[in-house]
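Dear colleague,

Please find the structure below. My notes on it follow.

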Amino acid sequence: MTVAKRMLDLGKQSSVIREIFEYGLKRKAEIGNENVFDFSLGNPSVPAPAQINDILKNLIDSVPAEKLHGYTSAPGDQNVRNAVADYIQKTFDFAATPELIYMTCGAAAGLAVCLNGLTTKEDEVIVFAPFFPEYRVFVEHSGSKLVIVPCDENNNFQPDFVSLEQAINAKTKAIIVNSPNNPTGTCYDENTIQKLAEILNQKQKELQKPIYILSDGPYRELVYDIKLPYLPHHYDNTIIIYSYSKSLSLAGARIGYVFVSPLAKNANDIFAAICGAGRSLGYVCAPSLFQFLIKECIGLTADLSIYKRNRDLLYNSLTNLGFTAIYPSGAFYLFVKSPLQDANKFCEHAKKYEILLVPSDSFGCTGFVRIAYCVSTEQIIKSLPAFEQLAKDFDLLP
Ligand code: PLP
């Protein structure tokens, strides 16, 4: 063996979602883009706001090239970190310190540096299932153990707090909270976060140790029916992981940040460890050009109303066809009950009508499929007859 076995395995078995996406690319080349209903990937179709290109052009014209394309400080440019701190203060009325903000290559790098900075092989990290599959990769890479706590399927996949209490023990170091959620579209309201905070505070007291919430929130602005609480107001030991991939449709720019709440126990050491993890993983200095861009457009979003329109259209159409779906109050995913117990088989069957769905197994739960509705509304409208055929095949039509 000349390479690291675990990395070899990871590299060889690409993610299920990516595999379906690649299949979609092949089919699109064969039968045309418009004839494939590709709901596989959470890649925003809503364009980034037009101002983004203007700001980029202006930066290129006005900032000396050696600064624009050079390294910033490892955790990010100081002015950019100041701007992020200001934004947090103004938007969430929470006092953020720029010294606790680390600019990252999206939420993926944010999760990786937090988990590597925070945990060791003695630790456990709790995730609520279903969950973003890369959590497993990041947690396992940090050496800690992934502990899966199921959500309540009968309550829109809200956290199951009884199971959570049972899962917490002396090894629990952190819990990843993802609201709005990928893959269910479920959001946690203030009561839910309050309840979570109560349980964690009680457990911290009993166990005499801090338990950190890693709040993974790349879909923060994609909410349709509820007001999202800002977790640092509710729980001191919170670390925010944010990205501009979805809200600004800048997924390929790889830009986001980590913010350690100043109220968190050992906040300064945690931040230093995050810097150390960034260094050891080679994640220092997030792309400079996009850091500068964020400073100029902070608070701006793409036209997110399109996702709400898609949510309404798809949820109403599919439930009218007899499908059972979780009503999503955020993100751009619809989680639909598979008419077959084996969701993989159902997804294979859907390919007959060129519908590409992701089976829920890789999200740590069986019997559902995820539909990423970050596609054009026209494409959803065009896909409805194909969904009708699918519903007919499984006798779902009312
Ligand atoms: N966390 C969740 C829940 C996601 O769905 C994604 C991407 O789809 C990420 C993190 C990673 O996002 P980024 O593009 O910012 O790395």
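**Salt bridges, strands and one loop residue**

Being 4 residues apart in helix α7, E140 and R136 are separated by about one helical turn. Please keep in mind that this is a predicted model. The side chains of these two residues form a salt bridge, with the closest N and O atoms 3.7 Å apart. R136 has a relative accessibility of 37% and so counts as partly exposed. E140 is also partly exposed, at 36%.

E140 has another salt-bridge partner, R6, with an N to O distance of 4.0 Å. This pair links distant parts of the chain: E140 belongs to helix α7 (residues 134–142) and R6 to helix α1 (residues 5–12), 134 residues apart. R6 is partly exposed, its relative accessible area being 34%.

The pair K28 and D38 is also joined by a salt bridge, and here the closest N and O atoms are 3.1 Å apart. K28 sits in helix α2 (residues 16–31) and D38 in strand β1 (residues 37–38), so the salt bridge ties together parts that are 10 residues apart in sequence. Both K28 and D38 are buried, whereas E140 is partly exposed at 36%.

In total, 17 salt bridges were counted. Some of them share partners: D225, K308, R311 and D312 are joined into one network in this way.

Next, strand β8 (residues 238–243). How many of its 6 residues are buried? The count is 6 of 6, so β8 is largely enclosed by the rest of the structure. In a regular strand, side chains point alternately to one face of the sheet and the other. In β8 both faces are covered: T238, I240 and Y242 are buried on one side, and I239, I241 and S243 are buried on the other.

Which strands does β8 pair with? One is β7 (residues 212–216), joined to β8 in the parallel sense over 4 bridges. In that pairing, I213 stands opposite T238. Another is β9 (residues 256–260), which pairs with β8 in the antiparallel sense over 5 bridges. There, S243 has G256 of β9 as its bridge partner. T238 and S243, named in these two pairings, are buried on opposite sides of β8.

A further group of strands is an open sheet of 4, in the order β10-β11-β14-β13, with antiparallel pairing. Its edge strands are β10 (325–326) and β13, each of which pairs on one side only. The partner of β13 in the sheet is β14, and the two are antiparallel over 2 bridges. Within that pairing, P359 is matched with V369 of β14.

The loop between β13 (358–359) and β14 (368–372) contains S360. Is S360 buried or exposed? Its relative accessibility is 0%, so S360 counts as buried. Apart from its neighbours within four places in sequence, S360 is in contact with F335, A343, C365, T366, G367, F368 and V369. One of these contacts, V369, is also the bridge partner of P359.

Best regards

Key. Residues numbered from 1 in each chain as written. Predicted model: local features only at pLDDT ≥ 70, side-chain atom pairs only at ≥ 80, totals over all residues. Heavy atoms only, no water. Buried < 20%, exposed > 50% of the residue type's maximum accessible area, 1.4 Å probe, protein only. Pairing = 2+ DSSP bridges. Contact = heavy atoms within 4.5 Å.
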